[in-house]
Amino acid sequence: DPEPDVEDSSIAPVDQVMSDFLLCKWPAGLSAGDESLASHFDALNDPCEVPPGIDTVISFSHFLPRHELLPEKRYLFYPQLPKAAGSRALGARVAGLRPHCH
């Protein structure tokens, strides 16, 4: 999440609200609190190349590939959402595919 946090003591921290932080147990060395988990799952897609002769590429992801696709934090019901909604690794993966739509 590249934007500054919204300063409001009534907003619960992301690790106390989002189920990715509460309900999942990750192997040692992986954490939803940093880039390690996103990088791990991104690496599971290697190698990810468009085969020769394919003219149209359509990609899909559950998470947002770019943070700027989220509304500004001040407009979100839960301003901490960007901390769990995407990753730089996903953005780079989608950009590398150069899809016609995502």
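Is leucine 44 buried or exposed? With a relative accessibility of 57%, leucine 44 counts as exposed. The close-ups below show this residue and several others in a predicted model.

**Figure 1. The whole chain is built from helices.** Welcome to the overview, where the secondary structure comes to three helices and zero strands. Read from the N terminus, the elements run α-α-α. The C-alpha trace spans about 55 × 35 × 20 Å along its principal axes. Of the 102 residues, 25% count as buried. The protein exposes about 7500 Å², and carbon and sulfur atoms supply 57% of that area. Among contacts with a separation of 6 or more, 65% are between residues 24 or more positions apart.

**Figure 2. Leucine 44 belongs to a nonpolar surface patch.** Here we return to our opening residue, found in the loop between helix 2 (36–43) and helix 3 (88–97). Leu44 joins Trp26 and Phe41 in making a nonpolar surface patch of about 300 Å².

**Figure 3. Five residues form the largest nonpolar core.** The members are Val14, Met18, Phe21, Tyr78 and Ala84. Valine 14 is a good place to start looking: leaving out residues up to four places away in sequence, Val14 touches Phe21, Tyr78, Gln80, Lys83 and Ala84.

**Figure 4. Lysine 73 is a buried lysine in a loop.** This residue is found between helix 2 and helix 3. Lysine 73 counts as buried because its relative accessible area is 4%, under the 20% cut-off. Follow the side chain of lysine 73 and you will meet the backbone oxygen of proline 4 at 3.1 Å. Residues up to four places away in sequence aside, Lys73 touches Asp1, Glu3, Pro4, Asp5, Val6, Pro79 and Pro82.

**Figure 5. Cysteine 48 sits in a loop and touches Arg93 and Leu97**. The loop in question runs between helix 2 and helix 3. Those two contacts leave aside neighbours within four places in sequence. Cysteine 48 and glycine 96 are 48 residues apart in sequence, with their C-alpha atoms 9.0 Å apart in space. At a relative accessible area of 34%, cysteine 48 is partly exposed.

**Figure 6. Helix 3 has several buried residues.** They are Ala89, Leu90, Gly91, Arg93, Val94 and Leu97. Keep in mind that an α-helix has 3.6 residues a turn, so residues three or four places apart point the same way. Helix 2 is included in what covers the buried residues of helix 3. Just after helix 3, look for arginine 98, with a positive phi of about 50°.

**Figure 7. A salt bridge joins glutamate 35 to arginine 88**. The two side chains meet at 3.2 Å, N to O. This pair links distant parts of the chain, with glutamate 35 in the loop between helix 1 (19–22) and helix 2, and arginine 88 in helix 3, 53 residues apart. Glutamate 35 is partly exposed at a relative accessible area of 34%, whereas arginine 88 counts as exposed at 54%.

**Figure 8. Further salt bridges appear elsewhere in the structure.** A search of the whole structure finds seven of them. In one, the closest N and O atoms of glutamate 68 and arginine 66 are 2.6 Å apart. Glutamate 68 counts as exposed at 57% relative accessibility, and arginine 66 as partly exposed at 44%. In another, the side chains of glutamate 72 and arginine 74 meet at 2.7 Å, N to O. Salt bridges that share partners also join Asp5, Lys73 and Lys83 into one network.

Technical notes
Residues numbered from 1 in each chain as written. Predicted model: local features only at pLDDT ≥ 70, side-chain atom pairs only at ≥ 80, totals over all residues. Heavy atoms only, no water. Core = buried A, V, L, I, M, F, W, Y, C linked by side-chain atoms within 4.5 Å. Buried < 20%, exposed > 50% of the residue type's maximum accessible area, 1.4 Å probe, protein only. Contact = heavy atoms within 4.5 Å. Patch = residues over 30% accessible without salt bridge, like charges linked within 9 Å, V, L, I, M, F, W, Y side chains within 5 Å. Areas by Shrake-Rupley, 256 points an atom, 1.4 Å probe, with all protein chains shown as cover. Salt bridge = Lys/Arg side-chain N within 4 Å of Asp/Glu carboxyl O. Helix = DSSP H or I, 4+ residues; strand = E, 2+ residues; numbered from the N terminus. Polar contact = N/O pair within 3.5 Å; in protein donor to acceptor, adjacent residues only side chain to side chain.
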